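Work through the exercises below with the structure open. Try each task before reading its solution.

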Amino acid sequence: MDTKVSLYLDPQIRDWVLFPITLVMILVGILRHYIVILLQSPPKKMTRAAIREQRALLRSQILRESSGNSPVPPAFYQSISQHLSQSFESGSYLKDGPPKSDAPTAPPNPMSDPAAMDGMMAGMKTQAVMMVPQMVLMGWINFFFQGFVLIKLPFPLTLGFKSMLQRGIETPDMDVRWVSSLSWYFLNFFGLNGLYALILGNDNSADSSRDMAMSPYAGVGLQQPAQAQDYNKLFKAEKDNLELAEGLYSWTGKDIETRLLKKYGKLP
Amino acid sequence: MASTKDDAAQLIYTPNVQHNGVLNSAKFLSSCFAGAVAGVLGLENWLGFGLFVMSILLSSAFMYAINCKGRPAKYITGGVWELVNPGQDNMFTFVLVWTLFYGIVHVYD
């Protein structure tokens, strides 16, 4: 005997609940993305000396990174590497000039340095913007769309989900597959990320999965281009790394003539 | 310090890797359509997920043959697994679209 009982649902539920919830969530996601873009303050302008300082470090890192299979011929690699090593040693790239040997410089305290505070505030603002729409939407759905069955899930779930997915519907016997609007909210919450990637491009701020993964750390580290660090120490460490990398250096075009001839069989 | 993986990583050209994002769009669209098909056909439980797996295999077979020309390691870092793997997002998208169409066609009058 077929014990499957099917509930009949009013098509108006579909028109007035199903589609509107989805539409609202898509629009809120897009809105969130653009608000985050608008809220991002333009990066603080740094002096030429400060930029030069950062870029010097970056240059040596780029050089080091591909040293094992370097596209740069030996003459160039070695001259750049040695020039950078000497500059780091003498401190000629430092923002305030070569260090005076007696006064030890302390890195600026993040709390007192106004530039760093701006960075942290920006991060926290972004976090707030991400969280608020989720809370508001859940409240809206709970308030207006409560107490009725919305849709039937095509796959079964355990009874443990009943309390979460059938909130507001007091029927102990009904199949867990009949769910309320809050569960449609959750389905949309997880399922729309792919759509945002398609519409807004890869780096969008409407991605909910990214919220949950990043929430403890985000904002504090990202916006700050390492302004609170002591460049002198960094330069010293970088100089050591440079020398290490120079030891490992090997040009990808080394003996290229021989390799090429061997590949085409002209040499044994 | 210079292990094989480091050497391999140094040879990657970043803009090309970023262009691989088009494969992600293809995977997303195919999981949307798979969801729609599963919903309209009224597939339930394992049949629905089975259809999802079939659609992944089919679309990655096409990507393997046409885009990667039979050599995924040359085009995609991570090789065959990264080509076939739909990712968590597409899984949820499939479930969402499947539920939507199942509801529209089979639950509502």
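The exercises cover one chain overall, then one helix of the other chain and two of its packing partners.

This is a predicted model, in which local features need pLDDT of at least 70, side-chain atom pairs count only at pLDDT 80 or more, and totals for chains, interfaces and linings use all residues. Residues are numbered from 1 along each chain as written, chains are lettered from A and ligands numbered from 1 in the order written, and side-chain values use heavy atoms, without hydrogens and water.

**Exercise 1.** State how many helices and strands chain A has, and in what order they run.

Step 1. Chain A has ten helices and two strands. Helices are DSSP runs of H or I of at least four residues, strands E runs of at least two, both numbered from the N terminus.
Step 2. From the N terminus, the order is α-α-α-α-β-α-β-α-α-α-α-α.
Step 3. Of its 268 residues, 37% are buried (under 20% relative accessible area, 1.4 Å probe, protein chains only).

**Exercise 2.** Check the length of α7(B) against the expected span, then list its buried residues.

Step 1. The expected span is 1.5 Å times one less than the number of residues. For the 21 residues of α7(B) that gives 30 Å, and the end C-alpha atoms lie 29 Å apart, so the two agree.
Step 2. The buried residues of α7(B) include N90(B), F94(B), W98(B), Y102(B) and V107(B).

**Exercise 3.** Describe how α3(B), residues 21-41, packs on α7(B).

Step 1. Two packed helices are described by the angle and the distance between their axes.
Step 2. The axes of α3(B) and α7(B) come within 7 Å and cross at roughly 30 degrees. Axes are lines fitted to C-alpha atoms over the stretch in contact, with angles from 0 to 180 degrees between N-to-C directions.
Step 3. The two helices are therefore roughly parallel (under 35 degrees).
Step 4. Residues of α3(B) that take part in the contact (heavy atoms within 4.5 Å) include F28(B), C32(B) and L41(B); on α7(B), F101(B) and H106(B) are among them.
Step 5. By class, this contact has 13 nonpolar, six polar and one charged residues.

**Exercise 4.** Do the same for α4(B), residues 45-67, and α7(B), residues 87-107.

Step 1. The angle is about 130 degrees, and the axes are 11 Å apart.
Step 2. α4(B) and α7(B) are therefore oblique (neither under 35, over 145, nor 65 to 115 degrees).
Step 3. N45(B), G48(B), F49(B) and F52(B) meet N90(B), M91(B), F94(B), V95(B) and W98(B).
Step 4. By class, the contact has six nonpolar, three polar and no charged residues.

Key:
Ala, Val, Leu, Ile, Met, Phe, Trp, Tyr, Cys and Pro count as nonpolar, Asp, Glu, Lys and Arg as charged, and the others, Gly among them, as polar. Buried means under 20% relative accessible area, exposed over 50%, partly exposed in between (1.4 Å probe, protein chains only).
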